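User: Got a minute to go through this model with me? I'd like to start with how the strands pair up.

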Amino acid sequence: MSVTNISLNLDLNKQQTIDIFLQPTITDEGLLNTFRIISNLHAGKMNIGLMEQLDKITRKAQHCNPQYPGKFSLSERTIEVKYAQGGLEWCYEELVNTHYDYLAPLYSTMGNKQIQRQLLDLIYTQLSIAARRDMERVAWFGDSNSTDADYNWADGIWTRMDEVILDGTIGNVVDTLSGTDITGAQAYNFLRDVVREAPAELRQIDANAKRIYISGNMWLKILDYLEDNAINNGMIQVFNEPDAGIAATYRGIPIMVQDRWDQIQAADFDQDDANYILYTPLNNLVLATDMTAGASASTYLRQYLEPRTRVLYVDYSYVIDTNFVFPQLISLGK
C-alpha cells in the first residue's frame with residue numbers, strides 16, 4: 001500500500017502564514033502495478049481476442065490422404081466504456097470572518113481570469129486523491145446492477161469473477177470461508193490450496209510473471225502463523241521493505257497485500273472477514289480508462305466560479321471499465 005502525506009503552506013499576507021495539513025491518504029499500490037491499462041477507447045468499445053493454444057495437430061504421415069486435426073478457435077471478451085463523473089461545489093461565504101477569507105476569489109473566472117491559485121491547488125489536491133481512490137475501489141468491487149451510487153458506475157473485477165465461476169470457465173476456486181473468522185493455519189492452507197490447485201497452464205508460467213493478491217487481514221493471520229510456529233522462511237519470503245507493492249513471495253510468486261479490500265468490505269458491505277485471494281498472471285487484469293496515470297490534476301479537473309453567488313464548482317469526468325483476458329488462468333479463494 002502507499003501513503004500520501006500532503007501539507008500546504010499558505011501565505012495569507014505578509015504578517016501571517018497558515019500551514020494546512022491533510023489527513024494521510026492510504027491506498028492500494030498504484031493501478032499500474034496491478035492492471036493492464038488500456039487508454040485508447042476512442043470508439044467506446046474494444047474487443048479482446050482470446051485465441052486458444054493449438055496442440056496435438058501432428059499425425060503420422062499418410063501418403064495421398066493427409067490428416068489435419070488442428071482447429072483454429074478465436075473468441076472475444078469486451079471492454080466497453082462506462083462514463084463516470086464527480087466533483088464538488090463550495091460556497092465562499094463559509095470563509096467569512098476567518099483568516100482563510102483571503103483565499104476567496106477576488107474576481108470571476110470570466111474572461112480567462114483565474115481565481116486564487118492557492119485555493120484551487122488545495123481543492124485539486126483533494127479531488128485528485130478522491131478520484132484515484134474511487135477508481136481503485138470500483139475497479140475491484142463495482143457492480144452496475146447495484147443500487148448503491150458509490151458502486152454502480154462500473155463493474156469491478158470481483159463482480160466479473162461471479163460470472164465465470166457460475167459458467168465454469170474459471171481456472172480454480174477455493175472456498176476460503178469468507179465471512180468467518182479463520183485461524184492462521186487455515187489462512188496459510190488456503191493460500192497453499194489456491195496456488196497448488198491452480199490449473200497446469202497457470203503453474204507453467206514463470207513465477208515472477210504472476211501475482212498473488214490477498215486480503216490484508218488474511219495476510220496478517222498468515223504472518224502470525226509463521227511467527228507462532230517459528231517458521232522463518234519455508235515457501236514464504238517476507239520483505240521488510242515492500243517494493244512496488246510486493247510484500248513477500250510464495251513459491252517465488254510475488255504477493256501484493258490488499259489492505260484496502262478489508263476496509264471497503266467492512267465499511268460498505270458489512271463483511272469483516274472477507275478471505276479473498278486472487279492468483280493470476282501479471283497483466284491478465286485489464287483496466288480501461290482515459291484518465292492517464294501521469295496526467296496532472298489540471299488536465300482533467302475543471303473549475304467554474306459563479307460570480308453572483310460566489311459558489312465554486314469543480315468537476316471531472318472520465319471513462320472506465322474492467323475485465324480480465326484469460327479466466328482459465330485465474331485461481332481464487334473467496
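User: How many bridges join strand 5 to strand 15, and do they run parallel or antiparallel?
Analyst: Strand 5 (residues 36-38) and strand 15 are joined by three bridges and run parallel. Two strands pair here if DSSP finds at least two bridges between them. Strands are DSSP runs of E with at least two residues, helices are H or I runs of at least four, and both are numbered from the N terminus. Keep in mind that this is a predicted model, where local features need pLDDT of at least 70, side-chain atom pairs count only at pLDDT 80 or more, and totals for chains, interfaces and linings use all residues. Residues are numbered from 1 along each chain as its sequence is written, and side-chain values use heavy atoms, with hydrogens and water left out.

User: Which residue in strand 15 is the bridge partner of Arg-36?
Analyst: That's Val-286. Val-286 also stands opposite Asn-323 in strand 17. Strands 15 and 17 run antiparallel, with five bridges between them.

User: Is strand 15 buried or exposed?
Analyst: Five of its five residues are buried, so strand 15 is largely enclosed by the rest of the structure. Buried means under 20% relative accessible area, exposed is over 50%, and partly exposed falls in between (1.4 Å probe, protein chains only). Leu-285, Leu-287 and Thr-289 are on one side of the strand, with Val-286 and Ala-288 on the other, and both faces are covered.

User: OK, switching to the core. Which residues have the most contacts inside the largest one?
Analyst: Trp-140, Trp-158, Met-161 and Leu-278, in a nonpolar core of 44 residues. A nonpolar core is a set of buried Ala, Val, Leu, Ile, Met, Phe, Trp, Tyr and Cys residues joined through side-chain atoms within 4.5 Å.

User: Which elements supply at least two residues of this core each?
Analyst: Helix 1 (117-141), helix 2 (157-167) and helix 6 (259-268), plus strand 15 (285-289), strand 16 (301-306) and strand 17 (311-324). Helix 1 gives the largest share of this core, 10 residues. Another core, of 26 residues, lies apart from it and includes Leu-202, Leu-226, Ile-253 and Leu-329.

User: Leu-226 is in helix 5, right? Which residues there are buried?
Analyst: Leu-226 is one of the buried residues in helix 5, along with Gly-216, Met-218, Trp-219, Lys-221 and Ile-222.

User: What about salt bridges, how many are there?
Analyst: Seven, counting a side-chain nitrogen of Lys or Arg within 4 Å of a carboxyl oxygen of Asp or Glu. In one of them, Asp-134 meets Arg-137 at 2.4 Å, N to O. The two are three residues apart in helix 1, so about one helical turn separates them. Arg-137 counts as buried because its relative accessibility is 10%, whereas Asp-134, at 24%, counts as partly exposed.

User: And which pair links distant parts of the chain?
Analyst: Asp-162 and Lys-334, whose side chains meet at 3.0 Å, N to O. Asp-162 is in helix 2 and Lys-334 in the segment after strand 18 (331-333), 172 residues apart. Asp-162 is partly exposed at 36% relative accessibility, and Lys-334 is partly exposed too, at 23%.

User: Last one: how much of the whole chain is buried?
Analyst: 43% of its 334 residues. The chain has seven helices and 18 strands.
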